[in-house]
Amino acid sequence: MRGKGSRGLHVITPSVKDLQQTQLYVLNNSNEVFPYILFHEGLVKESNTKMSKNRILKEHNKTFLDWFKDTIYTDDNAFKLLRKLANGPKRNVITWQGYDIKKYSFYTKVQDKKSTMQNSGVTLRVESEHFASVHDDNPCVAFIPYFGFIEEIWELNSVKFIVCVCKCKWVVNNTDVWTDDVGLCW
């Protein structure tokens, strides 16, 4: 999706952990990368036959970025897009307090407090495996709705390839919701 920042430009240098977590999120949501994800999960499962599915998923998430980069860079036939994704974003990240995508504007919670237009609230319906415990080997797949607020908007730049991601504070089981005097939920 193409978009552009509209308010409050800043440049930050996030921690390596935050940048890697964000890159993993982008890769997990890229159709072009999906076959590699399935293949790598299979490799992890094959080399750790006694691990629970939960532990396999954690090991996959821990090792996928390096494995993906090594795999793409040793494949002479890999698409340019995959090489850019494997390389990851630049270390410095542009952040925005407002961002426009198509005909929609998104604000951070901080920007909302300065504006009469409230655009920091988000909802997301996620399909994922859910584990009852660390030892659960039979996760169920479910669609779970998440509600929250945008805390940060990042533009990840992977050399002429920009991805916008939002860091959100998610409401936990509707217990973190409160309503102000004018009826806005926080």
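How exposed is Arg-55 in terms of relative accessible area? I looked this up first. Arg-55 is partly exposed, and its relative accessible area is 37%. I note here that the model is predicted.

**Entry: the neighbours of Arg-55**

I looked for a charged partner of Arg-55 and found Glu-59. The two side chains meet in a salt bridge, with 3.7 Å from N to O. I then checked where the pair sits. Both residues belong to helix 3, which covers residues 53-73. They are four residues apart, about one turn of the helix.

I reminded myself of the general idea: side chains of opposite charge can pair when their charged atoms come close.

Next I asked whether Glu-59 is buried or exposed. Glu-59 has a relative accessibility of 18%, so it counts as buried, the cut-off being under 20%.

**Entry: a second partner for Glu-59**

I found that Glu-59 also has a salt bridge with Lys-62, where the closest N and O atoms are 4.0 Å apart. Lys-62 lies in helix 3 as well, three residues from Glu-59, again about one turn of the helix. Lys-62 is exposed, and I wrote down 61% for its relative accessible area.

I put the two pairs together. Arg-55, Glu-59 and Lys-62 are linked in a network of salt bridges. In this network Glu-59 is buried, Arg-55 is partly exposed and Lys-62 is exposed.

**Entry: the rest of the salt bridges**

How many salt bridges does a search of the whole structure find? It finds three. Besides the pairs in helix 3, I noted the one between Lys-167 and Glu-152, with the closest N and O atoms 3.9 Å apart. This pair links distant parts of the chain, 15 residues apart. Lys-167 is in strand 8 (residues 162-170), and Glu-152 is in strand 7 (residues 140-157). I looked up the accessibility of both. Lys-167 is partly exposed at 41%, and Glu-152 is partly exposed at 28%.

**Entry: strand 4 and its partners**

I turned to the strands. Strand 4 (residues 98-101) pairs with strand 1 (residues 3-7) in the antiparallel sense, over four bridges. Within this pairing I picked out Lys-4, whose bridge partner in strand 4 is Asp-100.

Strand 4 is also joined to strand 5 (residues 104-107) by four bridges, and these two strands run antiparallel. Here Gly-98 stands opposite Tyr-107 of strand 5.

Last, I checked the hairpin of strand 4 and strand 5. Two residues lie between the strands. In this hairpin, Lys-102 takes a positive phi near 55°.

Notes
Residues numbered from 1 in each chain as written. Predicted model: local features only at pLDDT ≥ 70, side-chain atom pairs only at ≥ 80, totals over all residues. Heavy atoms only, no water. Pairing = 2+ DSSP bridges. Buried < 20%, exposed > 50% of the residue type's maximum accessible area, 1.4 Å probe, protein only.
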